[in-house]
Every structure is written in C-alpha cells, then in structure tokens.
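Let's take a walk through this structure together, starting with its overall layout and then moving on to some local details.

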Amino acid sequence: MVDRRHFIKKSAGSLAALGGLALLQRSGLAAATGAEESTILDTLPGKEALIKKTYRPPNYETPINYFDAPFTPNNLFFVRYHNAVIPDVKISEWRLRIGGDAVLTPLELSLEQLRRDFKQVEIAALCLCAGNRRGLFQPHVPGIQWGSGAMGNALWRGVRLKDVLAGAGIGKSALEVSLAGADSGVHKTTPDFVKSLPLAKALDENTLIAFEMNGEPLPHWNGFPARLIIPGWTATYWIKHLTAVNIISKPFDGYWMKTAYRIPKDRFPSGQFSSQETETAMPITEIVVNSLITNLVDGQTLPNAKPIEIKGVAWDGGNGIARVEVSTDGGINWHQATLKQDYGRFSWRQWHWVFESKRPGAYRIMARATSHSGAGQPLEPIPNPSGYHHNAVQKITIQLA
Amino acid sequence: MRTLILLLSFFAATATAGESRIFLKDRPGKNQVVAQCAMCHSLDYITLHATILDRAGWEKTVGKMINIMGAPINNADKQIIIDYLAQNYGK
C-alpha cells in the first residue's frame, strides 16, 4: 500500500524564517536554558523552513511571526510525529476501515466514497499540540521541548465522523471509538500511535474526518489523505493518515491512552472522558484558554515617538474568546484589546491594541484572554509531570527610546 | 540476520541529511548508543534532554524504550547506554 519516504531534502532557511527564529528565542516565553540551543531551522519536503526540534520522527514548530495571519499556511504548519515510519500514502490504495467489537456492519471506504457518500462540511479550528510550550516549564520536564509554535489555525473540510459511524452502525455496547493511522514504529514491537474518543465526542457534529486544509488536500506531513479533526480538543486525538476507526465496548488500553497524555485530576477541569479516568489521573482533552503576543520580542527596543500596535492571537476549547486585555505596566493596569474577525468558536481569535507611550523607558507587556465561560489564564503555568496545558500569561519587556 | 540487514537498510533510507550532522560526544559507549538508539529515532532526542535528565531520568528513559517502545536492547548494552548518557548528557 505504501512506500517508505525518503525525506532527504535539506535547504537553508529563508531570511523571514530566521527572523521568526530570533523572535521565538527572544520572546517572553522562550526557555532560559540550553534546551533551545540545539534548535535550528530545517526544511521538510513541501514545507518552508520551520524550527526543527527533532529530525526523526519529524517534530517541527512554526515561527510565531507567521501567526499574524488568521489561517496558518499549509507549508508553514507545524509537524508532530511519535513514530518514524511515515508512509507516502497512495490515494488509489488508501482505505478507511470501520470495525471494532461494537460495530454492526464493518465498512471499508475509499477516499472517493468518503467524499461522495457523506455530506461535506467545513470548520475553522485550532490544531494545538498538547505539549505546546513544554520547553517553557521550569524545571524542565522530559519530552519535545516545544516553544509556542506547535499550533496552527486552519479551515478544515471533510465529513462528519458520526455520519461515517452511522453508515457502519453503532452497536448498543459501544463505549469508545479508537483511531489509528498509517504511520508506525521501526520495530514491530513498538506500539502504534492509537488513540480513542468517548462515544459522545466521536458523535459530536464538529468531529470530522478531514481531507482538505485551507482549500487544498492535506499536506503529507499533516496527515494526507485524511485525518481526524476534533475541534476544541488537543491535537493528540487528531490522528493523521487515518486508516482504522473501531467502535469498541471496552476502554482502549494502549500505551498512548493508558499511560501517555495524562494529567492530574486535581489541577485541571473535568476531562469529559470518564471511561479513561483513574482516581488521580485523566487524559488531556479540552484546550485551555490562552493567548500569545506575536509581534514583540523580549528585550526589543522601539522608537518612543510612534504608537506601537501590539498584536496576537487568543483561543480556548470551544467557548470562544470573550475578551483580551493588555498591560504595559507589569499587570497593574489592563486595557481591552480589539478582537478581529470571528471565524467560529473553535478558531483562534486575532486581537490588537495600540500602545501610545508617554515617555521613554522599560515597559512590561502582558496579555491575557478570558473565554465566554469566564475562564482566564494563570500568572504561572500549572505544574504537571508531562508539561501539558502551559497557558501562563506571557510577559515581555520592551524598551522605548 | 535478515532482519538486521532490513533494519540497517531502513535506517539508511530514512536518516535525514540534517541528522547526520548530529555528533555525540566521542566517549566509551557511543557506538552502542548510536547503533541502538538511532535505529528508531534521530540522536537530537538525546541532546535535547541533556539539561533535563539526570542518571535516574536516563535510566527511566532507556527502560521505557526497552519495555514500552520495544527496543531490542540486551542487558549489557542497556547498562553501557545508561552510563554513557548519564556521564555525557546527564543534568
């Protein structure tokens, strides 16, 4: 069905991306210690230069200056894999299989059938790695030391998972839906990256099997030819190169559900995934409210004479952003930013605010978002063993001269 | 033997030009680390954890690679690898 991919191509980063790297390294969220030092720009085939965290499996983040656009271009979208064998999927050979012990009639679909036999829908949604900003936790925790760029906003087109599941028929004993893609480990003994969803989330009208991203087929590195989209939930569930969907009657007990991607229950809101919870831990699910300043860097000097437009993005797990506030005095006074166009509650929201300073000097710039549910950002990140949900208020010092 | 040849040819096919520029410290144990770890992943996974994992952390990580990720590493090599990582890339 598949060929092994030779991803050899390598080129120097563009000047624009180098600027982005400098921005990342100097942003108020950049890690203070050596973890970021090995970071370089590298170009995967079909992508622009991105910030390389690891070559194989490929883990690359987007320089944050590219987040000035409402939708992140496909060739700048971050890349995240757990296993190194990533096949070049041929559409003619690709099949999606619906099975499991709680399916009524197992189903096999070609991409053509998927596109033709089910209603197509489009949704704007933020794809956010659960470990985004892990590299900013102090002390550091093991794992890819992501900066702020393991996320991207896109317009996804596909079909509803619930329609596809209905086509196969859901048995009465159904509890979860497990999801697997075509990528795998080098050794047969390496666990495949398999995730599961509670049945209710699989049946949510916003949960899609997407085959287009920003009006184009999915890029290879973002899950060609089809991937799961679970708006409002972290990207660990957004299985790429989707090949198997199983309706199952028991909690899925693979490593990537039972052990990985879990958070302590006492520090975060309810996970909405009771079949996977223990007394103390639960899977990470919904994205927490967060924001990012995208056009200023820590230590930057700007002319005092001109007004400064402070720009950024804000997002949450689907309640939508109610307001973003900006402080220029380290959090004493807060000013309401203007929210830009609303692309739906699962999209990030761009915002801006114009700072007209009265005198030269150092200014401590902060931004904080509040969702329509009233949730806000903490001043410090909430510690947890795997470094998830880093949503602390960003702090940047700039000099006006 | 056939499996080994397949694995080696696979590694050759998937290692990127960029990752061939990652150099680990030239100390005893490096050969085992490169041979075993780079079969499944690039060696920047090691360097990025240099400021993060102490000896106990490296022991736990190598154990995870063997017991959970299915790396076929024997006990002798396991100890050499842990010592190398703790001595050269330990916090």
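What follows goes from the domains to a helix and then to a sheet. Please keep in mind that this is a predicted model.

Chain A is divided into two parts: domain 1 covers 90–125 + 151–283, and domain 2 covers 290–400. Taken over C-alpha atoms, the centres of domain 1 and domain 2 of chain A are separated by 32 Å. Where the two touch, domain 1 of chain A contributes 11 residues and domain 2 of chain A contributes 11 residues. On the domain 1 side of this contact, the elements that give two or more residues are β9 (120–128) and β17 (262–264) of chain A. Of these, β9(A) gives the most, with three residues. By character, the residues on that side of domain 1 divide into seven nonpolar, three polar and one charged.

Now look at helix α3 of chain A, residues 161–168. Here L161(A), V164(A), L165(A) and A168(A) are buried. These residues lie on the same side of α3(A), because they cover an arc of only 100 degrees around the axis. Just after the helix comes G169(A), whose phi is positive, near 95 degrees.

Finally, turn to the sheet. Four strands of chain A form an open sheet in the order β19-β21-β25-β24, with antiparallel pairing. Its edge strands are β19 (290–293) and β24 (338–339) of chain A, each of which pairs on one side only. At the β24 edge, two bridges join β24(A) to β25(A), residues 349–355, and these strands run antiparallel. For L339(A), the bridge partner in β25(A) is W351(A).

Methods:
Residues numbered from 1 in each chain as written. Chains lettered and ligands numbered in written order. Predicted model: local features only at pLDDT ≥ 70, side-chain atom pairs only at ≥ 80, totals over all residues. Pairing = 2+ DSSP bridges. Buried ≥ 20, exposed ≤ 12 C-beta atoms within 10 Å, placed from the backbone. Arc of directions from axis to C-beta. Domains from an automatic or database assignment. Contact = placed C-beta atoms within 7 Å. Nonpolar A, V, L, I, M, F, W, Y, C, P; charged D, E, K, R; others polar.
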